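I have opened a new structure and want to find my way around it. These are my notes, in the order I looked things up.

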Amino acid sequence: MAETEKKKRPAIQIKGLTKIFTLGKEKVYALNGIDLEIYPSEIICLLGTSGSGKSTLLNMMAGLEKPTKGSITIFGERVDNMSERRLAMFRQKYMGFVFQSYNLLPNLTAVDNVSLPLAFAGVRRSVRTKKAKQMLKLCGLSKRMHHKPTQMSGGQQQRVGIARAFVGTPKIVFADEPTGNLDTKTTIEIMEMMVRMSRENKQTLVIVTHDIEIAGYADRIYHIIDGRINSVEDNRDKQILPGQYPNPVDAPVAEEEPPEADSEESAPAAEETESAETEILSPDGGETAAPESESPPEDDADREISDILRNSQITNETDTEEYI
Ligand SMILES: Nc1ncnc2c1ncn2[C@@H]1O[C@H](COP(=O)(O)OP(=O)(O)OP(=O)(O)O)[C@@H](O)[C@H]1O
Ligand SMILES: [Mg+2]
């Protein structure tokens, strides 16, 4: 580990994490004493074969499952014993997710799917739609803005998934087998998109995979075997950088238009994102408008989004201190 990183506080710190599932008389040790530290802005791969415990570990970091033993601390806060309501707010504030099966809402268009995390953050409709469109453009999907998931290829759906995960610039993005359903070229495209975005915004990216080639993009690789960390590999000296995938035969070919910022609608992302961010997401979350409070629902998509917000545990009051 680099000397400078030793001095940083970890973004994610796990100690003695154990998860035992009980099936009848049988006990399954899905995780068996995991210790790890992930630092801000790192790209980490959790690499292991099927059944080794990767998803269980990721789900616990996200507070989606409770450990049997051990602790998980994210930005100085214990997530393993947080209330569900607080967890929901904590996730909304700090975490983005990319799933193997995309998990897009089938009745919503690409724009509406991507704008959903911003709706949770209390961003008003006009602003979140604008930001969602910018993200979709960055992800090379300007011609698919109003398509629903079934009207897009797997690779396109996953690009929507990435746009959704990154749109709110969360400090951590978790991705569980994000390219598990995709061919090699699309896999490289998707990986490079995630790596570029997380680098640009200095986000921590945690990727679960069984694929050693994908792990080549990481700064560090945690090798997981039977619920334990077998080794931690510093990969920085041989890391694959975006655009430098070693096998030219498999080099990605843009499926659609390359990511770009061409028209007025796709104003320079960094600048626009920055200002929109300042306007919308106050550091303590306290000054954001209540979700959807500013105007009544207009169509089916708005109604669906309003229902989701109503049924969520998220309110915009939070007392989380800024960590970094
Ligand atoms: N809800 C559950 N009940 C019982 N056993 C479980 C449960 N969830 C996971 N397990 C077991 O825990 C172990 C780890 O599962 P996990 O899903 O974390 O593996 P994984 O590394 O993500 O595998 P894959 O690559 O196939 O997704 C497996 O043996 C699995 O059968
Ligand atoms: Mg898994």
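The entries below go from the ground rules to strands, helices, the core and the ligand.

**Ground rules.** I am reading a predicted model, in which local features need pLDDT of at least 70, side-chain atom pairs count only at pLDDT 80 or more, and totals for chains, interfaces and linings use all residues. Residues are numbered from 1 along each chain as its sequence is written, while chains are lettered from A and ligands numbered from 1 in the order in which they are written.

**Strand 3.** I started with strand 3, residues 43-47. Helices (H or I, at least four residues) and strands (E, at least two) are DSSP runs, numbered from the N terminus. Is strand 3 mostly covered or mostly open? Five of its five residues are buried. I count a residue as buried if 20 or more other C-beta atoms lie within 10 Å of its own, exposed if 12 or fewer, and partly exposed in between; C-beta atoms are placed from the backbone. One side of strand 3 holds Ile-43, Cys-45 and Leu-47. The other side holds Ile-44 and Leu-46. Both faces are covered.

Next I looked for its partners. Two strands pair if DSSP finds at least two bridges between them. Strand 3 runs parallel to strand 8, with five bridges. There, Ile-44 has Val-206 as its bridge partner. Strand 3 also runs parallel to strand 9, with four bridges. In that pairing Cys-45 faces Ile-221.

**Ile-221.** I followed that bridge to Ile-221, which sits in strand 9, residues 220-225. Why does Ile-221 count as buried? Because it has 24 C-beta neighbours inside 10 Å. I then listed its contacts, leaving aside neighbours within four places in sequence: Cys-45, Leu-47, Ala-215, Glu-233 and Asn-235. Two residues are in contact if their C-beta atoms, placed from the backbone, lie within 7 Å. Asn-235 is 14 residues from Ile-221 in sequence, yet their C-alpha atoms are 6.8 Å apart.

**The hairpin.** Strand 9 goes on to pair with strand 10, residues 228-234. The two run antiparallel and share six bridges. Ile-224 is bridged to Ile-229 in strand 10. Two residues separate the strands of this hairpin. In the turn, Asp-226 has a positive phi of about 45°.

**The open sheet.** I found an open sheet of four strands, in the order 2-1-4-5, with antiparallel pairing. Strand 2 and strand 5 (77-78) are at its edges; each has a single partner strand, so one side of each is left without a neighbour in the sheet. Ten bridges join strand 1 to strand 2. Ile-14 is opposite Leu-36 in strand 2.

**Helix 7.** I checked the length of helix 7, residues 184-200. The expected span is 1.5 Å times one less than the number of residues. For these 17 residues that should be 24 Å, and the end C-alpha atoms are 24 Å apart, which agrees. Its buried residues include Ile-188, Ile-190, Met-194 and Met-197. The buried residues pack against strand 3, helix 6, strand 7, strand 8 and helix 8. After the helix comes Lys-202, with a positive phi near 55°.

**Val-160.** I moved to helix 6 and picked out Val-160. Val-160 counts as buried because 27 C-beta neighbours lie inside 10 Å. Beyond four places in sequence, it touches Leu-104, Ala-110, Asn-113, Val-114 and Leu-141.

**The core.** A nonpolar core is a set of buried Ala, Val, Leu, Ile, Met, Phe, Trp, Tyr and Cys residues joined through C-beta atoms within 7 Å. Which residues touch the most other members of the largest one? They are Leu-46, Phe-174 and Val-206, out of 78 residues. Helix 4 (residues 110-120) gives the most to this core, seven residues. Leu-46 has contacts farther along the sequence than four places, among them Leu-57, Val-206 and Ile-224.

**Ligand 1.** Last, I looked around ligand 1. A residue is near it if its C-beta atom, placed from the backbone, lies within 6 Å. I found 13 such residues, the closest being Phe-21, Ala-30, Ser-50, Ser-55 and Thr-56. Strand 1 (12-23), strand 2 (26-38) and helix 2 (54-61) each give two or more. Helix 2 has the largest share, three residues.
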